[in-house]
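User: Could you take a close look at one of the chains here and walk me through how it is put together? I would also like to hear where it meets its partner.

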Amino acid sequence: MAVLDDGAWQAIWLTLELAGLTTVLLLVIATPLAWWLSQTRSRWRAPIGALVTLPLVLPPTVLGFYLLVLMGPQGPLGQLTLALGWGTLSFTFTGLLIGSIVFSLPFAVQPIQHAFEAIGPRPLEAAATLRASPLDAFFTVALPLARPGLLTAAILSFAHTVGEFGVVLMIGGNIPGQTRVVSTQIYGHVEAMEYAQAHWLAGGMVAFSFVILLCLSLLKRGGGSFVR
Amino acid sequence: MNRVRLGLPRAEYDLDVDLALPARGITVLFGASGSGKTSVLRCVAGLERAREGFVRIGGAVWQDDAGGVFLPTWRRSLGYVFQESSLFEHLDVRRNLEYGLRRAKVEGGRAALDEAIELLGIRALLARRPAQLSGGERQRVAIARALATRPQLLLLDEPLASLDLPRRREIMPWLERLRDQLAVPMLYVTHSIDELSRLADEVVVLDKGRALAAGPVGAVLVQGDLPVLAGEEAAVVEGVIVERDARWHLASVRFDGGSLFVRDGGLETGCRVRLRVLAQDVSLVLDAPQRSSIQNHLPGIVDAVLADSHPSQALVRVRCGAQVLVSRVTRKSVDELGIRPALPVWVQVKSVAVVA
C-alpha cells in the first residue's frame, strides 16, 4: 500500500491550490488596505482596523456560520450569485476561497501595515521632493521598502490557510476534489479510525509548519537590512 | 526676487513671515529650536500647507491662496535636503541620484548631476548602498540627488545637525563650493552660529514664528538687538589673503576698510577668506595704540551705541571703511571715553577666527 492514497494526494493538491490562490488574492486586497490604515487620519481608521482584525479572535465556526448564511440562497451574496446564474457558493471551491481570504485577512494586513508604518513619512516626502507623484512614490519607494512585511504576509497567509479547519468544515463541507483539504482529510481518517493515514498527513503538517516558522524567523533576522 | 509669505496658526504661536529671497546665494533661516524655521521650509516645499500663503520662486507661483493656487510638492521645482538621511535604502547611490533626474525631465539634468557628483566628491561612492555610507557621505549624496533635478530653489533643513563635529567640518567646504559655483538659490535652516557666519550671504532671524531681522549677514550680525545671538554678536569680514609671514606664522587679510593679521592656516595668498570677529574680542581706544600686545588696530568711526543684554554692557558699532565691526564694552567705558556716534576711534582686535 502506498504511504498516501489518491484521496490524500488530491487533498494535498487542493490545499496547496487554495492556499496559493488565497495568498495571491490576499496580497492584492491587503496591500491597499494596509496602506490606507497606515496613512489615514480618518476617524474610520480604528473601526475598520478592528473589523479587519476580527477573524483573528473569532472562533472559525462563528466566521464560517456567518459566511454560510451570507452565501446561502437567502443571503445577500447568495442572492447576487443566484441572480448572476452562478448558483450558490457554499460547498464550492470558490466559497472556500472567499472564506479563506476573510479568515486570513488579519495575517496579511498586519505585517504589511506595520511595514508601511515603519517606513515613516520621510522617504515618501523625499520622493515627493524628487518629483514623484504619490502613486509613483507608492510603487517605487513604499512597496520596495515594505518588502519584508509583504513576504511575511504572504508566508503567514499561506500557512494559515493550509492550517484552517473550522471555516472549511462550515462552508465547504468535505467534498473530495472540491472542498476536502488536508485538515478535513485528517479529520475523516481519524473518524474512520485510519490512524496510519492520519499520521502521515498530520506529521507532514507539523513538518510544514515548522519549516514555515523557521523561514519567518530567518526572514526577520535579515529582513531589516538591504545590504547584500 | 523670490517671495515667500506664509501664515500658519500653530499650537504655541502663529507662523507669520514675509520674506524676499535673493535669486542666488545662501539665505540662512536662523533661530532657536522651535522658532518655526523648519515649518517655513516645509511650507515652502508644500510638505505642510500654510493656511495663507504666497510663494513665488523663479517666476513660478507655487502657492497663492488668494488666487486658489497650491502646487503639490512633486510639481514644485525644488530640492530638499532633510536633517537626517533620507536616501532610499533599497537603491544604491547611483539609483538614488537618478531617482529625481528621471522624473524631473529637465534639460541638462544629466550634466547637473555630473557637476554635483564632482562638486560633492562622491564619484567613488556610486555603487554603494546607503547603509554602507558615513553620515557625511549620505548628506553629500542627498544634496547631489536634490541638485540633479536642477531645482529653482534648494532647501536645506539643518543638513549638518545629525553629524558630529569632524563630519560637519568635512562637509562644510562642499557647501561653500556649491554656494560659490552654482546659480541655484538656497534656503538653509540652522541654529548654529558657526554655519551661519560661514555660509550665509543673507540671513533671516526667526523667533516665535516671526522674522526679527533680515538682510546681509554682515549687517544683521552687528545689529545688536537680537537675543537669539546670545552673546555671539560678531562681524563677518570677507577679505583676501595678501601676504604670509613665514617667520611669525601670520597671514594678512585685506578687506575694504583695512587689513587684519590672522593665524596662517596654510591658505595661499590671493585666497578669499571669511573672518569672524566676535564683539567680545574687540576693544576701543581713542588714541592710536602704541606698544600694545594686540597686533590688529584699525581706525574707524563710531556708528552706533546699542543696548546689550546686560545693563552693564553696550555694543558699539564701528565703521572701518565699508566694513562694520562691533565691540562689546562696559557702559562705564562708554561714558568715561565719551563714545558716541561719529567719534573717531581705534579698534583693537584681540582675536580673529577664519571661518572659511
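Analyst: Happy to; chain B is a good place to start, and 44% of its 356 residues count as buried. Buried here stands for 20 or more other C-beta atoms within 10 Å of the residue's own, exposed for 12 or fewer, and partly exposed for anything in between, with C-beta atoms placed from the backbone. Please keep in mind that this is a predicted model, in which local features need pLDDT of at least 70 and side-chain atom pairs count only at pLDDT 80 or more, while totals for chains, interfaces and linings use all residues. Residues are numbered from 1 along each chain as its sequence is written, and chains are lettered from A and ligands numbered from 1 in the order in which they are written.

First, the overall form. The C-alpha trace of chain B spans about 65 × 50 × 30 Å along its principal axes. Its radius of gyration is 22 Å, which agrees with the value near 21 Å that a compact globule of 356 residues would have; the radius is taken over C-alpha atoms, and the globule rule is 2.2 Å times the number of residues to the power 0.38. Among the contacts in chain B with a separation of 6 or more, 67% join residues 24 or more positions apart, a contact being two C-beta atoms, placed from the backbone, within 7 Å. Eight helices and 21 strands make up the secondary structure of chain B; these are DSSP runs numbered from the N terminus, helices being H or I with at least four residues and strands E with at least two.

Now to the strands, beginning at the N-terminal end. β1(B), residues 2-8, is joined by seven bridges to β2(B), residues 15-21, and the two run antiparallel. Strands are taken to pair if DSSP finds at least two bridges between them. A hairpin of six residues connects β1(B) to β2(B), and Leu8(B) has Leu15(B) as its bridge partner in β2(B). β1(B) also pairs with β4(B), residues 52-57, in the antiparallel sense over five bridges; there, Arg5(B) stands opposite Phe54(B). In a regular strand the side chains alternate between the two faces of the sheet. In β1(B), Asn2(B), Val4(B), Leu6(B) and Leu8(B) form the covered face, while Arg3(B), Arg5(B) and Gly7(B) form the uncovered one.

Further along, five strands of chain B make an open antiparallel sheet in the order β14-β13-β12-β15-β21. Its edge strands are β14 (258-263) and β21, each of which pairs on one side only. Within this sheet, seven bridges connect β12(B), residues 234-245, to β15(B), residues 272-278, in an antiparallel arrangement, and Gly239(B) stands opposite Val273(B). On to β21(B), residues 353-354: β15(B) pairs with this strand over two bridges, again antiparallel. Leu275(B) is partnered by Val354(B), and Arg276(B) stands opposite Ala353(B).

Another open sheet of five strands in chain B has the order β16-β20-β17-β18-β19, with antiparallel pairing. Here the edge strands are β16 (282-285) and β19 (323-330), each pairing on one side only. From one strand to the next the twist averages 45°, where axes are lines fitted to C-alpha atoms, for helices over the stretch in contact, and angles run from 0 to 180 degrees between N-to-C directions. Inside the sheet, β17(B), residues 296-307, and β18(B), residues 313-320, pair antiparallel over six bridges, with Arg317(B) as the bridge partner of Ala304(B).

That leaves the partner. Tyr80(B), in strand β7 (residues 78-81) of chain B, offers a way in. Tyr80(B) is buried, because 27 other C-beta atoms lie within 10 Å. Apart from neighbours within four places in sequence, Tyr80(B) is in contact with Ala45(B), Ala146(B) and Leu155(B), and also with Thr129(A) across the chains. Ala45(B) is 35 residues away along the chain, yet its C-alpha atom is separated from that of Tyr80(B) by 7.8 Å.

As a whole, the contact between the chains takes 16 residues from chain A and 21 residues from chain B. On the side of chain A, the elements giving two or more residues are α6 (122-129) and α7 (134-145), and α6(A) gives the most, with six residues. That side divides into ten nonpolar, three polar and three charged residues; nonpolar covers Ala, Val, Leu, Ile, Met, Phe, Trp, Tyr, Cys and Pro, charged covers Asp, Glu, Lys and Arg, and the others, Gly among them, are polar.
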